[in-house]
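Here are some worked exercises to try with the model open beside you. Have a go at each task before you read its solution.

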Amino acid sequence: MIPVENMDIKLDDATLLLKAKETGFMKRIRKFNPFDFIKALCLMTLYSTVSLEVFATILGFVAGSCISKQSLWERITPKCVAFVRSVLMSLMFRASSLEPLTAKGAFSRFKRVLLQDSTTINLPESLVRFFPGSGNQTGKVQAIMKIQVIHDLLSQTCLHFGLSGFRRNDQKASADILNFARPGDLVIRDLGYFVLNIFRLFTRQGIYFLTPYQHNVNYYTEDGERLDLLKLLKKHPIVDTMIVAGATERLPVRLVASPVPANIAQIRRRKLLKKDRRSNPTKEQLELLGWDIFLSNVGEDIWDSLTACRIYGIRWRIEILFKAWKSHFHFNSLPQKGSKSYIELLVYSRLVFITLFQSFFAEFSAYAYATEGKHLSLLKFAQFIQEHIWALILLFHSSQMPNLFLEQLLRHCAYESRHERKNYHEKLSNFLT
């Protein structure tokens with residue numbers, strides 16, 4: 001079962017035809033049907049060249065008929081984009097409707113563990129008015145698309161993709177997750193999403209959060225005195241206390257902190273000085289980089305101090321997702337010429353493929369561990385799919401496919417044993433026991 005073939009399990013022909021008619025993309029079937037169209041788009045994800053001629057050729061092979069690029073171009077309209085977007089939304093809905101996995105260990109009190117982050121794609125200059133980005137050294141504004149992603153860590157599925165221009169930053173997108181998070185979920189995000197009023201809404205709705213400490217915010221003790229965090233940390237290197245955040249927000253929140261090795265602190269300081277030369281970081285700000293400092297509404301009865309500090313490291317998983325998508329699924333390989341509809345079509349089709357891929361990876365990863373006790377690497381798995389899609393297609397109708405495919409995956413996609421460094425699943429297992 002390969003990602004594009006997995007489509008018939010997620011959405012059947014009748015559903016796709018209904019969506020094609022509802023969006024006005026296809027009123028009657030001619031040379032290809034909606035399923036063929038989606039399958040061809042998914043296969044294009046594996047190509048670095050995304051010309052219209054390549055698209056027409058792939059669609060022709062999938063549908064079993066010759067299709068000219070001119071006739072295909074006439075089909076690529078806003079209605080076509082609306083159809084593919086509706087397919088993606090259906091997949092997202094099904095992913096978010098899955099029965100939550102039973103979490104264990106440090107996650108036992110949460111229904112889901114949600115990671116949110118964003119990534120960007122450079123677009124043709126002609127689309128700058130639709131997706132305005134930052135200016136380059138000459139002051140010319142670039143066209144950049146920002147994609148917000150919400151990922152369920154435990155089920156390994158993506159629950160949401162939000163497309164916007166680059167200028168809608170992460171802070172503006174901070175509230176988006178409230179449309180998807182449920183009471184009992186844990187949300188882990190980086191500093192870009194730090195908004196105290198959103199944290200207050202999380203607490204009111206029974207949603208847990210873990211976020212890095214934001215330096216340029218006023219903090220107070222529960223007695224209302226201004227908090228001198230550096231002085232406190234120098235006296236007690238490991239801190240776990242309730243504080244009040246924000247001069248006007250006055251949000252009660254748990255602060256936890258633990259020291260980091262000296263070499264890590266120095267790396268952080270060099271990065272900050274290089275990144276923020278104009279802002280001129282203060283001496284206090286640089287000294288505080290010697291600690292991991294987090295804010296959360298997760299109580300001491302759920303996490304002790306060290307667990308609260310260490311959990312944040314699993315957020316890196318979403319960065320690995322982005323790396324897999326861009327390295328092996330040509331997520332940012334878009335033509336530098338093309339209409340808004342064509343570019344959006346390519347982006348949405350990649351997101352459809354990625355959604356199917358994530359589901360496919362989760363299923364095989366769980367099966368490999370249950371049968372062989374081995375975990376699969378996401379990056380190796382993505383590379384395997386990219387390089388050997390032809391073999392999977394040949395094997396799909398073979399009775400040997402399940403066993404042979406699993407053997408190949410275990411041989412080429414399983415993590416290697418390393419004593420000096422733990423892989424992602426080994427790190428995660430520490431929190432699940």
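## Exercise 1: an arginine and its surroundings

R269 is found in helix α9 (residues 262-275). Helices here are DSSP runs of H or I with at least four residues, strands are runs of E with at least two, and both are numbered from the N terminus. Before going on, note that this is a predicted model, in which local features need pLDDT of at least 70, side-chain atom pairs count only at pLDDT 80 or more, and totals for chains, interfaces and linings use all residues. Residues are numbered from 1 along each chain as its sequence is written, and side-chain values use heavy atoms, with hydrogens and water left out.

**Task.** Leaving aside neighbours within four places in sequence, find which residues R269 is in contact with.

**Solution.**
- Step 1: take contact as heavy atoms within 4.5 Å.
- Step 2: with neighbours within four places in sequence set aside, the contacts of R269 are L286, E287, L289 and G290.
- Step 3: for a sense of distance, compare Q285, which is 16 residues apart from R269 in sequence and 9.2 Å apart in space, C-alpha to C-alpha.

## Exercise 2: the largest pocket

**Task.** Work out which element gives the largest share of the lining of the largest pocket.

**Solution.**
- Step 1: set the rules. On a 1 Å grid over the protein atoms alone, a cavity is a set of points where a 1.4 Å probe fits but cannot get out; a pocket is an open set with protein on both sides within 12 Å along at least five of seven lines; lining residues have an atom within 4 Å of a point. Grid points are joined across faces, edges and corners, and a volume is the space filled by probe spheres set on the points.
- Step 2: the largest pocket holds about 1,700 Å³ of space. Its lining has 35 residues, and P212, R268, L289, D292 and Y312 are the closest to its centre.
- Step 3: two or more lining residues come from each of β9 (251-259), α9, α10 (283-288), β10 (291-296) and α11 (305-311).
- Step 4: α9 gives the largest share, with 6 residues.
- Step 5: sorted by class, the lining has 18 nonpolar, 9 polar and 8 charged residues. Here Ala, Val, Leu, Ile, Met, Phe, Trp, Tyr, Cys and Pro count as nonpolar, Asp, Glu, Lys and Arg as charged, and the others, Gly among them, as polar.

## Exercise 3: a cavity

**Task.** Say which residues line the second largest cavity.

**Solution.**
- Step 1: by the rule above, there are 2 cavities of 30 Å³ or more, and the second largest holds about 30 Å³ of space.
- Step 2: its lining consists of V187, R189, D190, Y193, F199, F202, F209, L210 and T211.
- Step 3: α7 (196-204) and β6 (208-212) each supply at least two of these residues, and β6 has the largest share, with 3 residues.
- Step 4: the classes are 6 nonpolar, 1 polar and 2 charged.

## Exercise 4: cores and a covered helix

**Task.** Find which helix gives the most to the largest nonpolar core.

**Solution.**
- Step 1: a nonpolar core is a set of buried Ala, Val, Leu, Ile, Met, Phe, Trp, Tyr and Cys residues joined through side-chain atoms within 4.5 Å. Buried means under 20% relative accessible area, exposed over 50%, and partly exposed in between (1.4 Å probe, protein chains only).
- Step 2: the largest core has 103 residues, and F37, F55, F107 and W325 have the most contacts inside it.
- Step 3: helix α13 (residues 340-372) gives the most to this core, with 16 residues.
- Step 4: a second, separate core has 33 residues, including F199, Y213, W291 and I293.
- Step 5: now look at helix α3 (residues 34-44), where 11 of 11 residues are buried. Among them are F37, D36 and K39.
- Step 6: N33 caps the N-terminal end of α3, with a side-chain oxygen 3.0 Å from the backbone nitrogen of F35.

## Exercise 5: buried or partly exposed?

**Task.** Classify Q156, R250, S164 and S429 as buried or partly exposed.

**Solution.**
- Step 1: Q156 lies in the loop between β3 (141-152) and β4. Its relative accessibility is 13%, so Q156 counts as buried. Q156 also has a positive phi of about 60°, although it is not a glycine.
- Step 2: R250 is in the loop between β8 (239-245) and β9. R250 counts as partly exposed because its relative accessibility is 35%. Its phi is positive too, at about 50°, and R250 is not a glycine.
- Step 3: S164 lies in strand β4 (residues 157-165). S164 is buried, at 13% relative accessibility.
- Step 4: S429 is in helix α16 (residues 424-432). With a relative accessible area of 31%, S429 is partly exposed.

How values were computed: Polar contact = N/O pair within 3.5 Å; in protein donor to acceptor, adjacent residues only side chain to side chain.
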